[in-house]
Amino acid sequence: MAISPSPEVPPPSTQPVSPRVRPPPHPESRSWLVERLDSLLSKPLREAPPAELVRHRILAGSAITMFVVDLLYVLWSLALNLS
């Protein structure tokens with residue numbers, strides 16, 4: 001016994017569904033922090049898909065943060081040794 005489809009349900013589409021691509025934001029709407037993080041990335045990394053770009057920005061930001069923390073630690077330890 002075969003079940004026939006109900007007339008209210010349209011047949012599935014045979015055309016492939018393309019992912020929605022958002023246009024890049026206007027340069028005025030980007031924050032200065034995002035621009036600085038993007039300046040640290042190479043051109044292929046800046047042209048990566050949005051999910052990858054966010055990951056690269058986070059990695060660059062965390063590397064800069066660790067560098068600043070390490071630099072402050074070294075300067076602080078040198079200042080303690082001098083006194």
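Angles between helix axes of 65 to 115 degrees count as roughly perpendicular. Hold on to that one, everybody, as we'll need it in a moment.

Hi all. What you see above is a predicted model, so please keep that in mind as we walk through the chain. There are 3 helices here and 0 strands. Reading along the sequence, you get the pattern α-α-α. The chain has 83 residues, and 11% of them count as buried. As for the surface, about 8100 Å² is exposed, with 68% of that supplied by carbon and sulfur atoms.

Now to the packing of H1 and H3. Two packed helices are described by the angle between their axes and by the distance between those axes. What are the values for H1 and H3? Their axes come within 9 Å and cross at roughly 90 degrees. That angle falls in the 65 to 115 range, so H1 and H3 are roughly perpendicular to each other.

Which residues make the contact? On the H1 side we have Val34, Leu37, Asp38 and Leu40, and they meet Leu53, Arg57, Ala60, Gly61 and Ile64 of H3. Sorted by character, the residues of this contact come out as 6 nonpolar, 1 polar and 2 charged.

Let's move on to charges. Side chains of opposite charge can pair when their charged atoms come close. How many salt bridges does the structure hold? There are 3 of them, and I'd like to take each in turn.

We start with arginine 57 and aspartate 38, whose closest N and O atoms sit 2.7 Å apart in a salt bridge. This pair links distant parts of the chain: aspartate 38 belongs to helix H1, residues 32–40, while arginine 57 belongs to helix H3, residues 50–82, and the two are 19 residues apart. Both names also appear in the H1 and H3 contact we just went through. Is aspartate 38 buried or exposed? Its relative accessibility is 7%, so aspartate 38 counts as buried, the cut-off being under 20%.

Next comes glutamate 52 with arginine 55, a salt bridge with the closest N and O atoms 2.4 Å apart. Both residues are in helix H3, and because they are 3 residues apart there, about one helical turn separates them. Glutamate 52 counts as partly exposed, at 29% relative accessibility.

Then we have lysine 43 and glutamate 47, which form a salt bridge with 3.9 Å between the closest N and O atoms. For the chemists who like cut-offs, a salt bridge here requires the nitrogen to be within 4 Å of the carboxyl oxygen. Lysine 43 has a relative accessibility of 52% and so counts as exposed. Glutamate 47, at 57%, counts as exposed too.

Two more residues before I let you go. Histidine 56 lies in helix H3. At 17% relative accessibility, histidine 56 counts as buried. What does histidine 56 touch, not counting residues up to four places away in sequence? The answer is Leu41, Leu45 and Ala48.

And over in helix H1 there is arginine 36. With 49% relative accessibility, arginine 36 counts as partly exposed, since exposed would need over 50%. The C-alpha atoms of arginine 36 and glycine 61 are separated by 9.3 Å, with the two residues 25 apart along the chain. Glycine 61 should sound familiar, as Gly61 is among the H3 residues in the contact with H1.

That's my tour. Thanks for listening!

Technical notes:
Residues numbered from 1 in each chain as written. Predicted model: local features only at pLDDT ≥ 70, side-chain atom pairs only at ≥ 80, totals over all residues. Heavy atoms only, no water. Salt bridge = Lys/Arg side-chain N within 4 Å of Asp/Glu carboxyl O. Helix = DSSP H or I, 4+ residues; strand = E, 2+ residues; numbered from the N terminus. Buried < 20%, exposed > 50% of the residue type's maximum accessible area, 1.4 Å probe, protein only. Axes fitted to C-alpha atoms, helices over the stretch in contact; angles between N-to-C directions. Parallel < 35°, antiparallel > 145°, perpendicular 65-115°, else oblique. Contact = heavy atoms within 4.5 Å. Nonpolar A, V, L, I, M, F, W, Y, C, P; charged D, E, K, R; others polar. Areas by Shrake-Rupley, 256 points an atom, 1.4 Å probe, with all protein chains shown as cover.
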